[in-house]
Amino acid sequence: MSWQSIVVDTFTNIILVYSLLLLSLYIFIGLYSIGEVRKHLLKNSFTDYRALASSSLAPSISILAPAYNEGANIIENVRSLLSIYYNNLEVIIINDGSKDDSLEKLINAYSLYRTDHFVNQQIQTKAVRGVYKSSKKVYRKLIVVDKENGGKADALNVGINISQKDYIVCIDVDCILEQDALLKLAKPFLETTSHRIIATGGVIRIANGCKIEDGRLVQVNLPHEFLPRVQTLEYIRAFLLGRMAWSRLNGLLLISGAFGAFDRDIVVKCGGYNHNTVGEDMELVVRMRRYMEELNLPYKVKFIPDPLCWTEAPATFKILGRQRNRWTRGTIETLQMHKVMFFNPKYGLLGMLSYPYWFFFEFLAPIIEFVGMACFLILALFGLTYWRFFFGLLGMVFSFGIMYSSFAILMEVLTYNQYKSKKDILRLFLTALLEPFLFHPFGVWSAIKGNIDLLRKKNSWGEMTRQGFTTAKNSKS
Amino acid sequence: MADLLIRNAIFSEQEENADDNPFPITGRTTKMLSNKHFKRLLTKELISAKKNISGASAINLKKLYIQLHLNEDALAKLNSSEWHVKAQAIQELGIMEQKEYLNKIYRLTNNKNDLVRMEAQTNIVKLYGFKGLRFLDVISYQLTEWQQIALLKELSMLPPENFNKIEKWLKSKNTSVIAFALKLTRTYHRFELYDQVIECLSHENEEIRFEAIYTLEKIYNIDTADVLLERYEYETLKNQKAIVSVMQNIASDESIPMLISFLNQGDNDLKRMIVRTVAHINTSSLLQLKELQTAQEYPLEQIIKQIEGEIK
């Protein structure tokens, strides 16, 4: 046996074992999530959220919403946040040095005046230029902070410093929250006596194509465009299957930056958001978990499958590519920062399962796929490909991907069933058929670009231009 | 058909002590009742209607429920091995006010499944009011904050009653029972339990001391402020904040010097709370604060400015 064939055989076997492990994990995640979703739905059917809404014992919450050049929709976005159904609440909008007229618009619309607010610098941030409150009682929950530009993490840290409540809910200012979103998100914090719940997250859904009126979602529609639609499918898969399974294992590493609730005390003790990474949302959860593990304190990170937050997904390959590039860099940076946990039994499940999973199957997967594709092309070029075997394997992999997506669609229909018409479900299924050909390669390529950008030390956020919900509404009407 | 049955029951003008079969049931309905899907649907709609209706119509729905032997089905479900079926049966019997099943439901108030015991506890209170709280004597599992909120909501719908036993619960071995008893004490302003609440201030559990501090805010007397101020230096940061917060409503000018002396320690949030409390007790005491050596330094200078703005 020549050394070349030993190398090729070894490489092939590693890829085979890796692929089998990956597919097995997907099957496990899919099946394991069923129990958690079912348990949540059954428990929810007994829950009367009005008890919490009217109780003086409801935990106090600060919504932190950073805004940068959001002038076009800022008034409606803030109105939407102020209309959330929750008693013990403050809404903190952090104007992160916007170059547009966001602040002026807010001052005029909500009758804001500048106050001498003491900013408790528990976490170091860029300078705060002013804190504003409304002279109208109806907007008493609103606090607007104007600060020097420092990025999303820095803006959130300013919000944490300003906040005087027990829990913080970090959201993107342009997200649409369900009216009872905070009640549902707050409940897990009250439900346990043996563990401290340090963070909770809820499902984020795609709002493209939905009907929005006065900052409220009034009609759910499946996006008309392919890219937002394929992301809808992706989000269902990720949230309803992936995150629920990891939540059940208590191994969740990510609460999306678009919508998540955190125990403020632990966040402050951990030093707040890290502005040296573009994956500040994941990094915070990992750091909070690490903090609790190192102090040997019992804790949990919970995730609930209810669709609580609606966001606009990128509708062009250009913007989507930037987002995926950033997600990749964020993941790698977080893994680098916490590499001490890698297969470290001191960190329990976090070190032995969650971290290795993210390393091998979130960070390495696109790289392995890309290298595999390059090797395949070289082998094909030299006529070394066993085509029958290749097509068999390709068919199996694609079938698995489509089956997994179909399972996610089935779970969606059996649980929350947001897209009620049969036509929409069929379109979602067709999207699942097209995804491996039209979307997945793009995702892999964006991740590779993310890796390259990280090596080149590019650390920009990547501008995220949004069409705005008004457009979506108009396009529907 | 289920709708028709319910509608007839709601609008029926039955005498209160009518016989066991007050509503005419057709042969077709009887036949349909052997279909478990129909029975499930009918039960669901009956419960939904009962939740939203009171008075004579509600009594009629209860009678219909018994006439159709749906209570027996619920009883069978109570013995199910599946927790959600059990919990559903408890909820059903509670909404349908089936008081004769007290003992069966009561036994489930200490069930190992959290939802089953929550439903049992809530529905016992729904059926028996304050007397139903006797499960607090025996439960070994902890009451979550969520369950305490649910129980208080259930109790809030009943006319206030001078129920006893809180004193006993304040000495429970189950710390969550003590915490709940403290919440009951403050919700129902049970001034006679003042001494027992003061005793809770020395409890080893931080949460209980925290609840006791907030309970004293609702049942305070002339000595309470001094008691809390004496306790202050032995407390955790969280409880120190609770004490300062409570002082806003119970302290007088005499407490101000001591409160100001606390500004030398603690974090900035606590300092802000102290200044706010002092200003709340007497706005002119802000002048006293401004004379402090540290009043021109960070953070006190900024804190005083904020509080001045708040009280304007």
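**Group meeting: a look at chains A and B**

Let's begin with one residue, His69(B), which sits in the loop between helix 4 (56-67) and helix 5 (70-78) of chain B. His69(B) is not a glycine, yet its phi is positive, at about 60°. As background, residues other than glycine mostly have a negative phi, and most peptide bonds are trans. Chain B has an exception to the second habit too: going from Tyr298(B) to Pro299(B), the peptide bond is cis, with omega near 5°. You will find Pro299(B) in the loop between helix 18 (285-290) and helix 19 of chain B.

Before going further, please keep in mind that this is a predicted model. For the complex, the predictor reports an ipTM of 0.89 along with a pTM of 0.91. Chain B has a mean pLDDT of 91, with 97% of its residues at 70 or more. Which elements of chain B have the lowest and the highest mean pLDDT? The lowest is helix 1 of chain B, at 77, and the highest is helix 13 (residues 206-218) of chain B, at 98.

For chain A, the average pLDDT is 93, and 96% of the residues score at least 70. Confidence there peaks in strand 5 (residues 142-147) of chain A, at 98, and is lowest in helix 15 (residues 469-476) of chain A, where the mean is 46. In residues 471-477 of chain A the pLDDT falls below 50, and this stretch makes 11 contacts in the model beyond near neighbours in sequence.

Now, back to His69(B) and the helix that follows that loop. Helix 5 of chain B packs against helix 6 of chain B at an angle of about 145°, and their axes are 8 Å apart. That crossing is left-handed. From helix 5 of chain B, the residues involved are Ala74(B), Lys77(B) and Leu78(B). Across from them, helix 6 of chain B offers several residues, including Val85(B), Ala89(B), Ile90(B) and Leu93(B). By class, this contact has six nonpolar residues, one polar and three charged.

There is another helix pair to show you. Helix 1 (residues 2-11) of chain B and helix 3 (residues 36-52) of chain B have axes that come within 9 Å and cross at roughly 35°. Left-handed or right-handed, how does helix 1 of chain B pass helix 3 of chain B? The crossing is right-handed. Helix 1 of chain B brings Ala2(B), Asp3(B), Leu5(B), Ile6(B) and Ile10(B), while helix 3 of chain B brings Leu41(B), Leu42(B), Glu45(B), Leu46(B) and Ala49(B). Eight of these residues are nonpolar, two are charged and none is polar.

Zooming out a little, chain B is divided into domain 1 (1-68) and domain 2 (247-312). The C-alpha centres of domain 1 and domain 2 of chain B are 64 Å apart.

So how do the two chains meet? On the chain B side, 22 residues are in contact with 17 residues of chain A. Helix 6 (83-95), helix 8 (114-128), helix 9 (145-156), helix 17 (268-281) and helix 19 (300-311) of chain B each give two or more residues to that side. Its residues divide into seven nonpolar, nine polar and six charged.

Let's finish with chain A, where UniProt has some annotations, from an unreviewed entry. The "transmembrane region" annotation covers residues 15-34, 357-383, 389-414 and 426-448 of chain A. In the model, residues 15-34 of chain A are 100% helix and 0% strand, and the end C-alpha atoms lie 29 Å apart. Residues 357-383 of chain A are 93% helix and 0% strand, with 35 Å between the end C-alpha atoms. UniProt also lists "domain: Glycosyltransferase 2-like" (unreviewed entry) for residues 62-192 of chain A. That span is 29% helix and 29% strand, and its end C-alpha atoms lie 21 Å apart.

Thanks, everyone!

Definitions and conventions. Residues numbered from 1 in each chain as written. Chains lettered and ligands numbered in written order. Predicted model: local features only at pLDDT ≥ 70, side-chain atom pairs only at ≥ 80, totals over all residues. Axes fitted to C-alpha atoms, helices over the stretch in contact; angles between N-to-C directions. Helix = DSSP H or I, 4+ residues; strand = E, 2+ residues; numbered from the N terminus. Left-handed = near helix turned anticlockwise from the far one by under 90°. Contact = placed C-beta atoms within 7 Å. Nonpolar A, V, L, I, M, F, W, Y, C, P; charged D, E, K, R; others polar. pLDDT = per-residue confidence, 0-100. UniProt positions renumbered as here; feature names shortened; annotations may be inferred. Domains from an automatic or database assignment.
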